[in-house]
Amino acid sequence: MRLLLSTALIGAIAGSFLFANVNVGNKVQKVTNSFKKVEKEILAKRKMGMFPINMNEKKEIQRIVKMPEKYIRYYGKKATPYKNLIEYVLTVKGNPVILYKNIENKNNSYYIAGYIFDNKGENLTVKEAKNQFGKITARQFKRFFREIKQKTKDFVIEINGKGKGEAIVYTDPQCPFCKRFEKQLGGFEYMRKKFAKIYVVEYPLVFHNEAVQRVYWIVSNVKGKSDDEKIKIIKEGSFKSYKEILKENKNNKDIGKYEKELTEMRKIETPGRFGTPSITDGNGKDIRENLMKDIMADKFHINKNQIR
């Protein structure tokens, strides 16, 4: 299998994975970590079990994600089927993160933040994230989402539709793929035809410096509005002048309440969310890729099976 390392995402279908505050592109972040014999042995033997992440690596990862230790949960590291590549599994403020470390020799060891695709275009990074974090029953998912609605109710915007069943969308007003989904593809308008109820969870990613204030503005302005108006406000919150956002939020008496709710949201590791936009059905099943294909086929009048 040919392996492609990339941080370019396959349009709106792939979405935006959660990589904390890491500079990506075609760049890699060099680290000072020395070549470790034990890691070389792990790679050589191709052991696929999970191994502990040592203290030096934790310090390196902490510098990369630029978050205090208390916000990072380390699950472990494991070899990949690919030469010189180790995978690190962790969460940052509850957000699933997969990092890779390339080990060539003692003078050339570095971490890579980005997606891995195979030569068929499958996103292996997101697939691995689902394997590590997505093993959950419908009952467990509903319990988690009930907690989200109870503790962060202002951040969950309910929109009624004319279809059947429920859908849950995690979105960030500063996420470029969320903007494309919401504005260019008309994602919410299409979903209203397909589902009876849509829950839009405004989730500001930790590495988007304007997202928190934009979310505060959105959740404040959707109160008491019609479904059409809610969708319009969600879109406007992504494109409105940030200076105007800050000016209006300055006099908002509910900001203190929103800050407390956001703190609670950060504590909840939500299954089914692998980036933004994340879209699941009411049972936590990931429906984003199929839904995106349906939307694109409908909008551009093409065969769904032709979309990769």
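Two strands pair if DSSP finds at least two bridges between them. That rule underlies the strand pairings in this report on a predicted model.

**Overall make-up**

The protein chain holds 12 helices and 11 strands. It has 308 residues, and 51% of them count as buried. Among contacts with a separation of 6 or more, 72% are between residues 24 or more positions apart.

**The four-stranded sheet**

An open sheet is formed by 4 strands in the order 8-10-9-11, with mixed pairing. Strand 8 and strand 11 are the edge strands, and each pairs on one side only. On average, neighbouring strands of this sheet are turned by 20 degrees against each other, direction ignored.

The pairings in this sheet, and one in the strand 3 and strand 4 hairpin, are set out below.

| Strands | Sense | Bridges | One residue pair |
|---|---|---|---|
| Strand 8 and strand 10 | antiparallel | 5 bridges | Ile159 and Ile198 |
| Strand 9 and strand 10 | parallel | 6 bridges | Ala167 and Ile198 |
| Strand 9 and strand 11 | antiparallel | 4 bridges | Ala167 and Asp281 |
| Strand 3 and strand 4 | antiparallel | 7 bridges | Ile72 and Val92 |

Which residue of strand 10 stands opposite Ile159? Ile198 does. Ala167 also stands opposite Ile198. In strand 11, Ala167 has Asp281 as its bridge partner. These pairs give a path through the sheet: Ile159 to Ile198, Ile198 to Ala167, and Ala167 to Asp281.

Strand 9 spans residues 166-171 and is mostly covered, with 5 of its 6 residues buried. Strand 11 covers residues 278-281.

Thr276 sits in the loop between helix 11 (255-267) and strand 11. Thr276 counts as buried because its relative accessibility is 0%. Pro204 is 72 residues from Thr276 in sequence, yet their C-alpha atoms are 9.4 Å apart in space.

**Helix 9 and what covers it**

Helix 9 runs over residues 227-239, 13 residues in total. From its first C-alpha to its last it reaches 19 Å, close to the 18 Å expected at 1.5 Å a residue. Its buried residues are Asp227, Lys230, Ile231, Ile233, Ile234, Lys235, Gly237 and Ser238.

What covers the buried residues of helix 9? The cover includes two strands of the sheet, strand 8 (156-160) and strand 10 (197-202). It also includes helix 6 (176-184), helix 7 (187-194) and helix 8 (211-221).

**Helix 7 against helix 12**

Two packed helices are described by the angle between their axes and the distance between the axes. For helix 7 and helix 12 (residues 288-300), the axes come within 11 Å and cross at roughly 100 degrees. Helix 7 is therefore roughly perpendicular to helix 12.

Helix 7 makes the contact through Gly187, Tyr190, Met191, Lys193 and Lys194. Helix 12 supplies Leu291, Asp294, Ile295 and Asp298. By class, the residues of this contact divide into 4 nonpolar, 1 polar and 4 charged.

**The hairpin of strand 3 and strand 4**

Strand 3 (residues 72-79) and strand 4 run antiparallel and are joined by 7 bridges. They form a hairpin with 5 residues between them. In the turn, Asn84 has a positive phi of about 65 degrees. Ile72 has Val92 as its bridge partner, and Ala79 has Ile86.

How many residues of each strand are buried? In strand 3, 6 of 8 are. In strand 4, 8 of 8 are.

In a regular strand the side chains alternate between the two faces of the sheet. In strand 4, Leu85, Glu87, Val89 and Thr91 point one way. Ile86, Tyr88, Leu90 and Val92 point the other way. All of these residues are buried.

Ile86 lies in strand 4, which spans residues 85-92. Is Ile86 buried or exposed? Ile86 counts as buried, because its relative accessibility is 1%, and buried means under 20%. Tyr111 is 25 residues from Ile86 in sequence, and the two are 9.2 Å apart in space, C-alpha to C-alpha.

How values were computed:
Residues numbered from 1 in each chain as written. Predicted model: local features only at pLDDT ≥ 70, side-chain atom pairs only at ≥ 80, totals over all residues. Heavy atoms only, no water. Expected span 1.5 Å × (residues − 1). Buried < 20%, exposed > 50% of the residue type's maximum accessible area, 1.4 Å probe, protein only. Contact = heavy atoms within 4.5 Å. Axes fitted to C-alpha atoms, helices over the stretch in contact; angles between N-to-C directions. Parallel < 35°, antiparallel > 145°, perpendicular 65-115°, else oblique. Nonpolar A, V, L, I, M, F, W, Y, C, P; charged D, E, K, R; others polar.
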